[in-house]
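Reader: I have a model open and a list of labels for its parts. Please take me through the reasoning behind them.

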Amino acid sequence: MQVNMENRLENNEEPIQFWTNEGKIKIKNVLFINFLQSLGYRKLRNKNEYELVRIISGSIVQSIPIDKVREEVKDHLLSLDRQEVLEVFLNKDHLSKTTIESLEGISIDFIYGDKNTAILFYKNGVLKINANELTLISYMEYKGYVWEDQIIPRDFILPETKDIDKDCEFGKFCKNISGNKQERLFSLKTILGYLLHSYKDPSFTKAIILIDEIIDLESNASEGGTGKSLLAKSINQLIPVLEKNGKLLKSNDKFFFADVEPHHKVIVFDDVKQDFSFESLYSMITGDMPIEKKYKNPVVMNFKEVPKVLITSNYLVRGTGGNSEARRKIVFEVNSHYRENPNIREESGHRFFDDWNEEQWMKFDYFMIDCVQLFLNNGIIEPESINEITNRLILETSKEFVCFIGKVLVNPSNYEAEIKEKSIRFNKAVLMEKFLQEFPEQRSKISPHLFTKWLEHYSKVSKINFKNQKSNGQNFIIFMI
C-alpha cells in the first residue's frame, strides 16, 4: 500500500501535511483531501454511484476499501513518529462519506484494444497484439487505464524465435481435445483468441459452448472428464475470469450476478445442468447487463464492459432454437481423448498451471498469443458439427425420424421425390406413410401436423432451405439444394 508514497519520496516530493499544531493538533479537511489525492486516490463515477479507487504508475487502477485507506494513513503517521496526530485522526471519522465524495471525480474509459488490436497486461508492461506484430510498452507510456486485477502476475519477454511455443504442453492438450485434427485445432485456437480479445464488437457477439463429442442421449448426459473446465481455466491465466457454478444458476435469482466486477472479461458458467436455458443469457450476450448487489442501487454495465460468455456442460445446451439461438453461440465438441487415455498429469508430467516452470509458462503464453493473432487474422473459424446437430435433432424429433430423413435426402428417388436441378419436392402424406412403413411403432405417436413440424425443424437445424407448397389439395415440402 506504499507504492504512491514511495514514488513521491523518490521524486523528492514531501508528503502533504494535513494537520496543524497551534497549541492543539487539528486535522484540516481540505489538506487531508489534498493528501489523499496526492497518493492517487480518486472517486470513480459510475452513473449515480461512485467507487473509491487509486491510480498508480500512471494507468493502474486499484479498487480500494475504506479500511485500507485508514491503514495507509496510520502507517504513514507511524513512519513519521507522529502518534499524537494518529490519536486525533482515530478519534474522528475523517474518512466519512462526505470526505470521499469531496475527492476529485474521474470517469475512466478503460481501453481494451480495438477490432484490430488486443491488449494483455503483464507485470512488466502492456502487450499490444496486432495480427502480425507484438509491442511491449511501460504502464507510464500506456494511454489508458487497467484494473490492477487484470495484470498477469508474470513478466513478458519478446520472443527471439518464432517457434517459441514448440513442445508446449497446453498446445498438445488442445490438439488432443481437437481429436488430433488440424482443422479443429485451428478452430479451437481462434475461439481461444476470441475470448482473450477483450474488445467487444457489437456486430459479432457469441457465447462459446463446450460440450463433449459423445453424449449418452438415453440420459442426455456424458461422463465428463474431457478437459472442458481446464480449457476454461486457461483463459483465467491471462485475463480476469469470473467462474460461476452452472448447477446453481437460477434465472430468477436477481443477485446471481452481484459479484460481476468491471475487471472481469469472461464469465464461465461451468457444468450447467440439463435444464439450463441458454435463452436466459440472450440479453447479456448482445446488450447491456443489469447488476443488483444487496443493499445497493442496481447498476447497468455497458455492453462493451459486459464479460464474454463461456459455457461448459455435460449436456446439450439449448435455447429457443432458430436464428435467435444460432447467432448467439458457437459450439465446440471436445474429443474424448482424456477419457480414453492417460489423464493430463500422467501424460505431461505436470499439473497444469500449478507446477510449471518459467519455460513452460513462456511456451503457454506464446501459444495463447498465437491464438489471439489467428483470431485477429481470421475471426472465429466455426467448427463443423460432429454429433451436436444430430443429437439435437434426435432430442427434438426422434431417433427414427432422423435416421429416416437422412436416407430420404441421400436417395430421394426411392421416396417418390420430384427432383429438379436445384430442388427436391416431396408429397408430405406419401413421405409420412413411408416413414410409418419403416417404423410402424411410430404410428400412434405422430400426426401429419407433427410430421410437418419435424420436417421444418430438421431443415432449419441442418441449415437446408425449404418451403411448404399446396397443389391440387395436396401438401408438399420442397428442399432447396
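Author: What follows is a set of questions about labels in this model, which is predicted.

Reader: Start with burial. Why is Thr 190 called buried?

Author: Its relative accessible area is 0%. Buried means under 20%. Thr 190 is therefore buried. Its place is in helix H7, residues 182-196.

Reader: What does Thr 190 touch, beyond residues up to four places away in sequence?

Author: Thr 190 touches Cys 371, Leu 374, Phe 375, Gly 379, Ile 380 and Ile 381. A contact here means heavy atoms within 4.5 Å.

Reader: Next, Pro 383. What makes it buried or exposed?

Author: Pro 383 has 15% relative accessibility. The cut-off for buried is under 20%, so Pro 383 counts as buried. Pro 383 lies in the loop between H13 and helix H14 (388-396).

Reader: Which residues does Pro 383 touch, leaving out those up to four places away in sequence?

Author: Pro 383 touches Arg 184, Ser 187, Ile 191, Ile 330, Val 331 and Phe 332. There is also a distance to Glu 333: 8.4 Å in space, C-alpha to C-alpha. In sequence, Pro 383 and Glu 333 are 50 residues apart.

Reader: Two Asp residues next. Why is Asp 81 called exposed?

Author: The value for Asp 81 is 52% relative accessibility. Exposed means over 50%. Asp 81 therefore counts as exposed. Asp 81 lies in the loop between helix H3 (66-79) and helix H4 (83-90).

Reader: And why is Asp 271 only given as partly exposed?

Author: Asp 271 has a relative accessible area of 23%. Buried is under 20% and exposed is over 50%, with partly exposed in between. Asp 271 is therefore partly exposed. Its place is in strand E13, residues 266-272.

Reader: What is noted about phi in Asp 81 and in Asp 271?

Author: Phi of Asp 81 is near 60 degrees, a positive value in a residue other than glycine. Phi of Asp 271 is also near 60 degrees, and positive. Most residues other than glycine have a negative phi.

Reader: On to helix packing. Why is H6 called oblique to H13?

Author: Helix H6 (residues 169-177) and helix H13 (residues 358-378) pack at about 50 degrees. Angles under 35 degrees count as roughly parallel, and 65 to 115 as roughly perpendicular. The angle of about 50 degrees falls in neither range, so H6 is oblique to H13. The axes are 7 Å apart.

Reader: Which residues make that contact?

Author: From H6 come Glu 169, Phe 170, Gly 171 and Cys 174. From H13 come Gln 360, Phe 364, Phe 367 and Met 368. By class, the contact has 5 nonpolar, 2 polar and 1 charged residues.

Reader: What makes a set of residues a nonpolar core?

Author: The residues must be buried, be of the nonpolar types on the core list, and be joined through side-chain atoms within 4.5 Å. The largest such core has 50 residues. Phe 170, Phe 173 and Leu 192 have the most contacts inside it. H13 gives the most to this core, with 10 residues. A second, separate core of 27 residues includes Ile 211, Leu 249, Tyr 282 and Val 331.

Reader: What is Phe 173 in contact with, leaving aside neighbours within four places in sequence?

Author: Phe 173 contacts Gly 227, Leu 230, Leu 231, Tyr 338, Ile 344 and Phe 352.

Reader: Now strands. How do you know that E11 and E16 pair?

Author: Pairing needs at least two bridges. Strand E11 (residues 207-212) and strand E16 (residues 308-313) have 3, in the parallel sense. Thus they pair. Leu 210 has Thr 312 in E16 as its bridge partner.

Reader: What sheet holds them, and which are its edge strands?

Author: It is an open sheet of 5 strands, in the order E12-E13-E16-E11-E17, with parallel pairing. Strand E12 (241-245) and strand E17 (329-334) are the edges: each pairs on one side only. The twist averages 20 degrees from one strand to the next.

Reader: What makes E8 and E9 a pair?

Author: They are joined by 5 bridges, and at least two are needed. Strand E8 (residues 125-130) and strand E9 (residues 133-137) run antiparallel. Val 126 stands opposite Ile 137 in E9. A hairpin joins E8 to E9 through 2 residues.

Terms used. Residues are numbered from 1 along each chain as its sequence is written. This is a predicted model: local features need pLDDT of at least 70, side-chain atom pairs count only at pLDDT 80 or more; totals for chains, interfaces and linings use all residues. Side-chain values use heavy atoms; hydrogens and water are left out. Helices (H or I, at least four residues) and strands (E, at least two) are DSSP runs, numbered from the N terminus. Axes are lines fitted to C-alpha atoms, for helices over the stretch in contact, and angles run from 0 to 180 degrees between N-to-C directions. Buried means under 20% relative accessible area, exposed over 50%, partly exposed in between (1.4 Å probe, protein chains only). Angles under 35 degrees count as roughly parallel, over 145 as roughly antiparallel, 65 to 115 as roughly perpendicular and the rest as oblique. Ala, Val, Leu, Ile, Met, Phe, Trp, Tyr, Cys and Pro count as nonpolar, Asp, Glu, Lys and Arg as charged, and the others, Gly among them, as polar.
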